[in-house]
Amino acid sequence: MPEVVIPIGPQHPALKEPVNFRIIADGEKIVRLELELSYTHRGIEKAAEQRNFIRVLPLLERVCGICSHSHATVFAKGIEEIMQLEVPPRAQYIRTIIAELERMHSHLLWLGVAAHEIGFNTLFMWTWRDREAVQDTLEEMSGNRVHYNMNEIGGVRCDLNPAQVNAALSRVPVLEERIKKYVDMVNDEETLLLRFRGVGRMSKEEALKYGAVGPTARASGVDYDVRRDDPYLAYAEVPWDVVTDTEGDVYGRTRVRIGELRESVQIVRYCLENIPAGPIRVDAPKNAPKGEILSRYEAPRGELAHYIRTNGTDKVERVDIRTPTLANWTSVAMCLVNQNIADIPVIVAAIDPCLSCTSRLTVTNRENRPGVAVVRAARRGSSLPGSEDEEKL
Amino acid sequence: MAAEKASAAYGCEGLPGDTMTGPVTIDIIKERMKEFGLTEQVHANRVLVKTVPGKVHDAIGTLQTMLGCNRLITISTLDNGETFELLYHVIGPHRIIITLEIDLPRSQPTTPTVSDILPPAGIYERQIHDLFGIIFEGNPNLKKIILNEDWPEHEYPLRKDWKPGPDTFYGGIKVERSEGN
Amino acid sequence: MTVPSAGLSRRLVNWARAKSPWITIYNSGACNACDIEIIACLMPRFDIERFGILVEGSPRHADIMIVTGNVTLKQASRLRRVWEQMPEPKYVIAVGACGASGGVFKGLYHVMGGVDGVIPVDAYVAGCPPRPDEIISAVVTCLNLLKEDAAHGGKEWRQKKPLPRMDAKGSPVIP
């Protein structure tokens, strides 16, 4: 029987980002998934070669709106290592506080969006309301709710005064109590368990084979976290634990992310209470010496890697960005095979895709089935056609 | 403190089926990689192996079976005027990053694919083909995906000598561009 | 279309449009920060649903379209097609620095720059990203424009630029 292609076009109410899925389905089961995700390609890597170090940091921050501090920090960290600068400890602590607050706001955002995908709008409203507490803290510290621009080559842009520290510390118990409520909810709430359990399961071998990173991989039992394996910023001095799970399905990923929320709150509390005194930046030279580095960072979605090469001037020669969502897409394409069409939004949302980070993407089809003609079906709910060519495989 | 926790969590053993015994250190890597090229240590936990395009496939096979590397971090590409440089970064439970570096001549940028033994490489190779024009032989799916479908053929934006001209049209849209904006 | 002495049914329709506009959101290649702030408008803290504003998925149900992002080359033709499907009277809000001119991405090779090269825009919101308060204020500006346009009989009295043309394939062309 011929297979049916269902395109779900770039303008759709499910996700916030433009993405074009082409789902090849056999009845209600998915056979294969093809993704076309270059809608947000903007050409940032080429532009980064033409801007000096001061001007390239705001550009790299705006690769993605949710993990903006991650991109700026990993770049600044790499350039500082090439220049062999010693960043003062107070700056490292401030960067860690902002990084963990960003992780918290990203995971709360994800929890709300995943709940919205299964129709649990109450949880959507609750998590985003709690997220406002994190946004207020970030706004007090840096001046903006998103795109904080706290990094400079050599340290941090602005300092924390005691009033800000006390205001942040007063919000931490409130957040801890709300997160405890979410932990209980994910263990007991029937709606969540029914929709998340058993959906999109991925074993540990598959997670390793297809290169999954971040909470997606940790939910399948792969014990890999860049903050512990290759410590940077202040993570070597703060007591914290890596959260893993053995379930491997969307439920496991939910549990890993809520566990990471709990850990992040404790890291923020420790850093705010024990922040060392001192300067917040060192003077950086204008030009970087010739060198190269692979700089890695644990973004909220997984491992982010920038490969930077410098050539002695005040601009980089090349910055090559590998985002965690790019590494996770193959695994999501594998998880979707033989699942129901109605579970697509949940499974795709479970890897927490950040398509503007990715800004370039493709999935190679691993199970080519020769001799099957593909028939174009009526569009369902999308206003735009996908690409116009028919495919014979 | 975290480093001890890390090594306790991982151990330094390889994968089942490995022909390697004992923990992996930089000297063992230098020993095993001798047939492929010169190894040097560039950072505290990273080594660089310079090799030739024909040997990359076997090198990655050796890394997987004999040195316990089970993940590909990324494939980076560089255009340095005369050649293209391709760098494959792999890592395993031993937490040492091994980078394989090859040079491709500008007039003939082709190299065999590694996506049959390392499935994540398929994505990175397809993206590099779109942006640089490097051809990976054996990759089943080298279609254009990251750039607009009306993008003209043989225009590879990330090469150093590519500049958008004022009179080039892409998909019927003509835009004024300014450099270094 | 309508003048102050129009009939009761016409004035009733205009009153209903201004009291409860439905909006649709379109991301034309943005970094997502503006989209997160737009969704934060719906959340309990800023809560625009108490004003009767509903977020709809389909452009055919919407009065106001909120566009974020610098327009990438891939999204230009699609944005134009979605805009043409909206029924009159329709209003467009371009959010952020990217919507106004391309923002920090102006001049890059895959970016067209600015929403007003593709569709006519009625309100701009400044910021990178703008706060949810400012986005709500832009929606209120559009509602005031709606009332003014109804009094003047349509949008023609304030159109200054011609509509961007399209080529044979459906993509907008900047002369």
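Me: How many helices and how many strands are there in chain A?
Reply: Chain A has 14 helices and nine strands. Keep in mind that this is a predicted model.

Me: What share of the residues in chain A is buried?
Reply: Of its 393 residues, 68% are buried. For the outside, chain A exposes about 12900 Å², with carbon and sulfur atoms supplying 51% of that.

Me: And in chain A, how much of the contact list joins residues at least 24 apart?
Reply: Take contacts between residues at least 6 apart in sequence: 71% of them join residues at least 24 apart.

Me: What are the matching values for chain B?
Reply: Chain B has 181 residues, and 52% of them count as buried. Among its contacts between residues at least 6 apart, 50% join residues at least 24 apart. The exposed area is about 7600 Å², and 54% of it comes from carbon and sulfur atoms.

Me: In what order do the elements of chain B run?
Reply: There are four helices and seven strands in chain B. Starting at the N terminus, you'd read α-α-β-β-α-β-β-β-β-α-β.

Me: Now for sheets. Back in chain A, is the pairing in the β6-β7-β8 sheet parallel or antiparallel?
Reply: The general idea is that strands of a sheet pair through backbone hydrogen bonds, and they can do so parallel or antiparallel. In chain A, β6, β7 and β8 make an open sheet in that order, with antiparallel pairing. The edges are β6 (291-299) and β8 (316-322) of chain A; each has a single partner strand, so one side of each has no neighbour in the sheet. From one strand to the next, the twist averages 15°.

Me: How many bridges join β6(A) to β7(A), and which residues stand opposite each other?
Reply: Nine bridges join β6(A) to β7(A), which covers residues 302-310. Two of the facing pairs are worth finding on screen. A:Ala299 stands opposite A:Gly302, and A:Ile293 stands opposite A:Ile308. The two strands form a hairpin, with two residues between them.

Me: What about the other side of β7(A), where β8(A) pairs with it?
Reply: Six bridges link β7(A) and β8(A), again running antiparallel. Look for A:Tyr307, which stands opposite A:Asp320 in β8(A). This pair of strands is a hairpin too, with five residues between them, and A:Gly312 in the turn has a positive phi of about 90°.

Me: How many of the residues of β7(A) are buried?
Reply: Nine of its nine residues are, so β7(A) is largely enclosed by the rest of the structure.

Me: Over to chain C. In what order do the strands of its open sheet come?
Reply: The order is β2-β1-β3-β4-β5, five strands with parallel pairing. At the edges you find β2 (54-55) and β5 (123-125) of chain C, each with a single partner strand, so one side of each is without a neighbour in the sheet. For a close look, take β4(C), residues 91-95, which three bridges join to β5(C). There, C:Ile93 stands opposite C:Ala123.

Me: Which helices lie across those strands, and at what angles do they run?
Reply: Here are two to check. Helix α3(C), residues 73-84, lies across β1 (22-27), β3 (64-68) and β4 of chain C, and runs at about 170° to β1(C). Helix α5(C), residues 132-152, lies across β3, β4 and β5 of chain C, at about 155° to β4(C).

Me: How far apart are the end C-alpha atoms of α5(C), and what should the helix span?
Reply: Work at 1.5 Å a residue: the 21 residues of α5(C) should span 30 Å, and the end C-alpha atoms are 30 Å apart, which agrees.

Me: Which residues in α5(C) are buried, and where do they sit around the axis?
Reply: Among the buried ones are C:Ile135, C:Val139, C:Cys142, C:Leu146 and C:Asp149. The buried residues of α5(C) cover an arc of only 165° around the axis, which puts them on the same side of the helix.

Me: What do those buried residues pack against?
Reply: They pack against α1 (8-19), α2 (33-41), β3, β4 and β5 of chain C.

Me: Which residue just after α5(C) takes a positive phi?
Reply: That is C:Gly153, with a phi of about 85°.

Key: Residues numbered from 1 in each chain as written. Chains lettered and ligands numbered in written order. Predicted model: local features only at pLDDT ≥ 70, side-chain atom pairs only at ≥ 80, totals over all residues. Heavy atoms only, no water. Buried < 20%, exposed > 50% of the residue type's maximum accessible area, 1.4 Å probe, protein only. Contact = heavy atoms within 4.5 Å. Areas by Shrake-Rupley, 256 points an atom, 1.4 Å probe, with all protein chains shown as cover. Pairing = 2+ DSSP bridges. Axes fitted to C-alpha atoms, helices over the stretch in contact; angles between N-to-C directions. Expected span 1.5 Å × (residues − 1). Arc of directions from axis to C-beta.
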